[in-house]
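This report covers salt bridges, pockets, a surface patch and backbone angles in one model. Please read it alongside the coordinates.

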Amino acid sequence: MTKKEFATVAAALKTYYPKEQLLPNKEAMELWFRQLQDIPYIVAAAALNKWVATQKWSPTIAEIREMAASVVNGERPLWSDGWEQVLMAIRKYGMYAIPEAMASFDEITRQTVKRLGFKELCMSENPMQDRANFRMIFEQIAERKEKAQQLPASLTNLIDEIQRKGIEHDESKRLSTSDQQD
């Protein structure tokens, strides 16, 4: 979104929540813009409208990003829907058609079942424990995916680079360069 488009979003925020002193100065406007500029204007406007329609209080940057991600990607899937997929696949495919069963799942359900093992789920004698384990893993995967979708691509790339190269390596290079300059 452009600065002009962000100004429209900011004006709406101030109008919707006049008592909260949102974005009180140019510095605050600039900081918020930097954190939200990667969101397309149409998505930001829809996210703000959704927020206003469903929440009582003004949003934070993180809440706007979360709402924008839900506008683009839909709501977080329910673990119970994933569990229903598993039960249907067990009935339909059994443990002898695992590739077909795995292909019938959505992405999060597939990842969850891979961790638990489809064959093990088919042969299990404790469906209550399987259901509880499925729920826990499914929700963890869904939350991780949801959080990743909220991050701007530039931040994700920076984090990946730091993790790949290691911050100690970059920091030691910076320190050795400054030592040579002294």
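Arg-65 and Asp-38 form a salt bridge in which the closest N and O atoms are 2.9 Å apart; the term stands for a side-chain nitrogen of Lys or Arg within 4 Å of a carboxyl oxygen of Asp or Glu. Because Arg-65 lies in helix α4 and Asp-38 in the loop between α2 and α3, the pair ties together parts that are 27 residues apart in sequence. Helices (H or I, at least four residues) are DSSP runs, numbered from the N terminus. Arg-65 is buried, at a relative accessible area of 10%, whereas Asp-38 is partly exposed at 39%. Here buried means under 20% relative accessible area, exposed over 50%, and partly exposed in between (1.4 Å probe, protein chains only).

The model is predicted: local features need pLDDT of at least 70, side-chain atom pairs count only at pLDDT 80 or more, and totals for chains, interfaces and linings use all residues. Residues are numbered from 1 along each chain as its sequence is written, and side-chain values use heavy atoms, with hydrogens and water left out.

**Salt bridges**

The whole structure contains eight salt bridges. One of them joins Glu-30 to Lys-3, with the closest N and O atoms 2.8 Å apart. Glu-30 lies in helix α2 and Lys-3 in helix α1, so this pair ties together parts that are 27 residues apart in sequence. Glu-30 also meets Arg-34 in a salt bridge of 3.8 Å, N to O. Glu-30 and Arg-34 are four residues apart in helix α2, which means a separation of about one helical turn. Lys-3, Glu-30 and Arg-34 are thereby linked in a network of salt bridges. Within it, Glu-30 is partly exposed at 29% relative accessibility, and Arg-34 is partly exposed at 49%.

**Pockets**

A pocket is defined on a 1 Å grid over the protein atoms alone, as an open set of points where a 1.4 Å probe fits, with protein on both sides within 12 Å along at least five of seven lines; lining residues have an atom within 4 Å of a point. Grid points are joined across faces, edges and corners, and a volume is the space filled by probe spheres set on the points. For the residue classes, Ala, Val, Leu, Ile, Met, Phe, Trp, Tyr, Cys and Pro count as nonpolar, Asp, Glu, Lys and Arg as charged, and the others, Gly among them, as polar.

| Pocket | Volume | Lining by class | Residues from α4 |
|---|---|---|---|
| Largest pocket | about 340 Å³ | six nonpolar, five polar, seven charged | six residues |
| Second largest pocket | about 150 Å³ | seven nonpolar, three polar, two charged | five residues |

Which residues lie nearest the centre of the largest pocket? They are Ser-70, Gly-74, Glu-75, Arg-76 and Glu-146, out of 18 lining residues. Helices α3 (41–54), α4 (61–73) and α9 (127–150) each supply at least two residues of this lining, and α4 gives the most.

For the second largest pocket, α4 and α9 each supply at least two lining residues, with the largest share coming from α4. The salt-bridge partners Arg-65 and Asp-38 are both in this lining. Other lining residues include Ile-39, Pro-40, Val-43, Ala-68, Ala-69, Val-72 and Asn-73, as well as Gln-149, Gln-150 and Leu-151.

**Surface patch**

Leu-151, which lines the second largest pocket, also belongs to a nonpolar surface patch of about 350 Å² with Leu-155, Leu-158, Ile-159 and Ile-162. Such patches are made of residues with over 30% relative accessible area and no salt bridge, nonpolar side chains (Val, Leu, Ile, Met, Phe, Trp, Tyr) being joined within 5 Å. Accessible areas come from the Shrake-Rupley method with a 1.4 Å probe. Ile-159 is found in helix α10 (residues 153–165) and is partly exposed at 32% relative accessibility.

**Backbone angles and one distance**

Most residues other than glycine have a negative phi. In the loop between α1 (3–16) and α2 (26–36), Gln-21 has a positive phi near 55 degrees. Leu-23, placed in the loop between α1 and α2, has a positive phi of about 45 degrees although it is not a glycine. Gln-21 is exposed, with a relative accessible area of 61%, while Leu-23 is buried at 3%.

Asp-130 sits in helix α9 and counts as buried at 14% relative accessibility. The C-alpha atoms of Asp-130 and Ser-104 are separated by 19 Å, the two residues being 26 apart along the chain.

How values were computed:
Patches are made of residues with over 30% relative accessible area and no salt bridge: like charges are joined within 9 Å, nonpolar side chains (Val, Leu, Ile, Met, Phe, Trp, Tyr) within 5 Å.
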